[in-house]
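Got your viewer open? Load the model shown here and keep the selection box handy, and we'll walk through it stop by stop.

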Amino acid sequence: MAQKAAKQLAARNTAILNRTHLISLAITVYFVLLRLLVFRASCTRATYLLYGFLSAPAFIIEFWFERIGRPVTTTNGELKKSGEDLEAKGLTDFMWDVLYWTWGCTVTAGILGDKAWWGYIVIPVYSVWLAWTTFGGMKKGMAGMAGGGSSADTADGAVSNRQKKQEKRGGQKVQYR
């Protein structure tokens with residue numbers, strides 16, 4: 001069972017990529033058919049320019065996932081490279097969020113019209129919020145390394161069980177600075 005994990009990752013990546021491509025194709029066909037057949041009166045050249053411009057990030061992300069995630073096999077069928085994990089946290093997870101949000105905006109724009117593309121503004125807002133909370137968490141984590149911790153923080157929750165037992169027995173009192 002050599003390379004069992006690599007083979008499992010390759011199979012999972014292949015399934016994810018195939019599903020992603022099928023969903024993207026279905027949403028694109030849905031948008032075009034809905035705008036051409038049902039909402040023909042409100043369908044203009046600007047509609048398709050907006051679709052192309054605002055769907056470009058999703059297509060680029062899809063192409064990138066295809067590049068890094070598709071397994072590579074040799075001519076005799078052996079696994080040469082399993083591809084990167086498409087379920088990884090961090091940037092890959094954020095790119096999935098952008099892809100899903102773009103799909104949602106495309107479906108909504110197909111039904112409601114061009115004004116639904118304003119929902120795409122959520123992605124930069126989400127990016128700023130994510131960066132702010134990450135920086136804030138990192139800032140709080142690094143505060144203890146500066147050496148000047150506040151006395152309110154240590155007095156509230158920094159009492160160990162051993163110290164509590166000693167104080168309860170009337171032993172040596174722990175002084176907090």
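Is Ala 11 buried, partly exposed or exposed? Select Ala 11, which sits in helix 1, and you'll find that Ala 11 is partly exposed, with a relative accessible area of 48%. For the record, buried means under 20% relative accessible area, exposed means over 50%, and partly exposed is in between (1.4 Å probe, protein chains only). Now add Ser 82: the two C-alpha atoms are 8.4 Å apart, although 71 residues separate Ala 11 and Ser 82 along the chain.

**Before going further**

This is a predicted model, where local features need pLDDT of at least 70 and side-chain atom pairs count only at pLDDT 80 or more, while totals for chains, interfaces and linings use all residues. Residues are numbered from 1 along each chain as its sequence is written, and side-chain values use heavy atoms, with hydrogens and water left out.

Colour by pLDDT (the predictor's confidence in each residue, from 0 to 100). The chain averages 82, and 83% of the residues score at least 70. Helix 1 has the highest confidence, at 91, and helix 5 (residues 151-157) the lowest, at a mean of 51.

**The overall layout**

Switch to cartoon: the chain has 6 helices and 2 strands, in the order α-α-β-β-α-α-α-α along the sequence. Helices (H or I, at least four residues) and strands (E, at least two) are DSSP runs, numbered from the N terminus. Of the 177 residues, 25% count as buried.

**Helix 1 against helix 3**

Next, show helix 1 and helix 3 together. Their axes come within 8 Å and cross at roughly 20° (axes are lines fitted to C-alpha atoms, for helices over the stretch in contact, and angles run from 0 to 180 degrees between N-to-C directions). Helix 1 and helix 3 are therefore roughly parallel, a label for angles under 35 degrees. Turn on side chains at this contact: helix 1 brings residues including Ile 16, Ile 23, Ile 27 and Phe 31, and helix 3 brings Trp 96, Leu 99 and Trp 103, among others. Contact here means heavy atoms within 4.5 Å.

**Into the core**

Stay with Trp 96. It is among the residues with the most contacts inside the largest nonpolar core, along with Phe 65, Leu 86, Trp 117 and Tyr 120; that core has 22 residues. A nonpolar core is a set of buried Ala, Val, Leu, Ile, Met, Phe, Trp, Tyr and Cys residues joined through side-chain atoms within 4.5 Å. Helix 1 (4-38), helix 2 (45-69) and helix 3 (91-112) each supply at least two of its residues, and the largest share, 7 residues, comes from helix 3.

What does Leu 86 contact? Beyond its neighbours within four places in sequence, Leu 86 meets Asn 13, Ile 16, Leu 17, Phe 65, Ile 68, Gly 69, Thr 92 and Trp 96.

Then pick Ser 55 in helix 2. Ser 55 is buried, with a relative accessible area of 3%, and it touches Leu 50, Thr 102, Thr 106 and Trp 117, not counting residues up to four places away in sequence.

**Last stops**

Move to Gly 119, in the loop between helix 3 and helix 4 (122-143). Gly 119 is partly exposed, at 25% relative accessible area, and its contacts beyond four places in sequence are Trp 101 and Cys 105.

Finish at helix 6 (residues 161-168), which is hardly covered: 0 of its 8 residues are buried. Just after helix 6, click Gly 170, where phi is positive at about 85°.

Note on methods
Angles under 35 degrees count as roughly parallel, over 145 as roughly antiparallel, 65 to 115 as roughly perpendicular and the rest as oblique.
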